[in-house]
Each structure stands twice: as C-alpha cells, then as structure tokens.
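This report goes through the salt bridges, the nonpolar residues and some individual sites of the structure shown below.

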Amino acid sequence: MAAHWLTSDERRAWLALYALTSLLPSHLDAHLFREARITLFDYHVLAMLSEADGATLPMSELAGRSTASLSRLSHVVKKLEGRGWVTRLPSSSDGRVTTASLTAAGLEMLTGLAVSHVAQVRSTVFDALDGKDVADLERVGRKILHRMDSAHWILADGDAPVTAEAAGAAGASVQGRAQQDL
C-alpha cells in the first residue's frame, strides 16, 4: 500500500493538535495540583458527579463520562472517598450496581475550586479565541470525536452546537458552559 502523506496544511494542523493535546492536560493539572492537590482527572470526575441528578452516577456511567476504565475510575474514587469528597454505595434500584455520589464536602471544595479552574481554562484557551473560533473549535472537536466514538455522551448531551452567530456573544455563554462542564 502506498503512503498517503499529509499535505503541508494537514501536517501543520496535526502538529498543532498534537502539541495542544499533549500540553493542555499537564498545564491544567499543574494549576489544579497547586490549588487543591488534585489532578485534572480527579476534578473532571467530581465535576461529572456535580452535574448529575442528585450528584450521583453509576460507576459505569461515570467511567464513560470520564473516559476512563472502571479500574482507573475505582482507584480515583477510592482516593476521593479518602478525602471525604465522594461516597460509593450500592444502587437503590439495582444492588448489583455501585453508584458514586458527591458529598457536601466534595461539592463545597469543587465550588470553591471551580472559580479558579474556570479562570485558568479561560486564560489558557478561550481568551485567545473569538466567537467564531469557539464555534469552530466545538464543530471540529465534535467531528473528530464522532469519528472516534459516535456514541460518546458529549455528542448526545442535548446541547445544540455553537454557531458562529451565537458564538458572537460567547463570552457569557462560554463562561456559563465552562462552569457547567468544568
């Protein structure tokens, strides 16, 4: 099979995407560790619980929303339990299912940390973008994600994609969504 090399434009886009996906998590990790001695993954697990009805999710659903294996998630939830931020219990509707719940202490910690985290996300990512860029970032991100996992929960989250027109007023919109998503 003959190689189908990237064009110059594709190569530049790929290298930018690769650098971004390599540097962004560690950049946000460093900030969260300084602020609360947690990782970006820990924060994301807590945020996903905070957005769920009753701040509770089955571990399998939380794993999907965290893009993690059940074993990795179980290890992290155990660590978060040790800090008093999460509890695990059998599901009230199916004893075979284990649920994770955000505690009041976990919600309090997350609420306090969210302001700083969202500010970091804004300064790192969104302050460099205009409304059209935000819409393009979402559109491109969803296209790539759909190709990798067409059933990913983000694609079925019910939020309408951001359009360039709607993104013109993205300042308040992005801040609100960042507070929800992060």
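Which residue's side chain meets that of Lys132 in a salt bridge? The partner is Asp136, with an N to O distance of 2.8 Å. The coordinates are those of a predicted model, and the distances and areas here are computed from it.

**Salt bridges**

A search of the whole structure finds 8 salt bridges. Three of them are listed here.

| Pair | N to O distance | Exposure |
|---|---|---|
| Asp9 and Arg12 | 2.3 Å | both exposed |
| Lys132 and Asp136 | 2.8 Å | Lys132 partly exposed, 48%; Asp136 partly exposed, 22% |
| Arg142 and Glu138 | 2.9 Å | both buried |

Asp9 and Arg12 are 3 residues apart in helix H1, so about one helical turn separates them. Lys132 and Asp136 lie 4 residues apart in helix H6, again about one turn of the helix. Arg142 and Glu138 are also in helix H6; because they are 4 residues apart, about one helical turn separates them. Lys132 and Asp136 also belong to a network of salt bridges, linked with Arg139.

**Chain overview**

The chain has 8 helices and 3 strands. Read from the N terminus, the order of elements is α-α-β-α-α-β-β-α-α-α-α. Of the 182 residues, 30% are buried. Among contacts with a separation of 6 or more, 56% join residues 24 or more positions apart. The exposed area of the chain is about 11,400 Å², and carbon and sulfur atoms supply 59% of this area.

**Nonpolar core**

The largest nonpolar core contains 29 residues. Ile38, Tyr43, Val45, Leu46, Leu62, Leu73 and Val86 have the most contacts inside it. Two or more residues of this core come from each of helix H1 (8–36), helix H2 (40–51), helix H3 (59–66), helix H4 (70–82), strand E3 (98–102) and helix H5 (104–124). H2 gives the most, with 7 residues. Leaving out residues up to four places away in sequence, Val45 touches Leu62, Ser66, Leu73, Val76, Val77 and Leu80.

**Nonpolar surface patch**

On the surface, a nonpolar patch is formed by Leu6, Trp14, Leu15, Leu17, Tyr18, Leu20, Val140, Ile144 and Met148, with about 870 Å² of accessible area together. The elements that give two or more residues to the patch are H1 and helix H6 (131–148). H1 gives the most, with 5 residues. Tyr18, one of the patch residues, is found in helix H1. Its relative accessibility is 48%, so Tyr18 counts as partly exposed.

**Two loop residues**

Is His152 buried or exposed? His152 counts as buried because its relative accessibility is 11%, and it lies in the loop between H6 and helix H7 (164–167). A polar atom of the His152 side chain is 3.1 Å from the backbone nitrogen of Ile154. Apart from neighbours within four places in sequence, His152 is in contact with Thr67 and Leu145.

Val97 is found in the loop between strand E2 (86–90) and E3. With a relative accessible area of 27%, Val97 is partly exposed. Val97 touches Pro58, Leu89, Pro90 and Ser91, not counting residues up to four places away in sequence. The C-alpha atoms of Val97 and Met59 are 7.7 Å apart in space, while the two residues are 38 residues apart in sequence.

Note on methods: Residues are numbered from 1 along each chain as its sequence is written. This is a predicted model: local features need pLDDT of at least 70, side-chain atom pairs count only at pLDDT 80 or more; totals for chains, interfaces and linings use all residues. Side-chain values use heavy atoms; hydrogens and water are left out. A nonpolar core is a set of buried Ala, Val, Leu, Ile, Met, Phe, Trp, Tyr and Cys residues joined through side-chain atoms within 4.5 Å. Buried means under 20% relative accessible area, exposed over 50%, partly exposed in between (1.4 Å probe, protein chains only). Contact means heavy atoms within 4.5 Å. Patches are made of residues with over 30% relative accessible area and no salt bridge: like charges are joined within 9 Å, nonpolar side chains (Val, Leu, Ile, Met, Phe, Trp, Tyr) within 5 Å. Accessible areas come from the Shrake-Rupley method with a 1.4 Å probe; for residues, only the protein chains shown count as cover. A salt bridge is a side-chain nitrogen of Lys or Arg within 4 Å of a carboxyl oxygen of Asp or Glu. A polar contact is a pair of N or O atoms within 3.5 Å; within protein, one must be able to donate a hydrogen and the other to accept it, and residues adjacent in sequence count only if both atoms are side-chain atoms.
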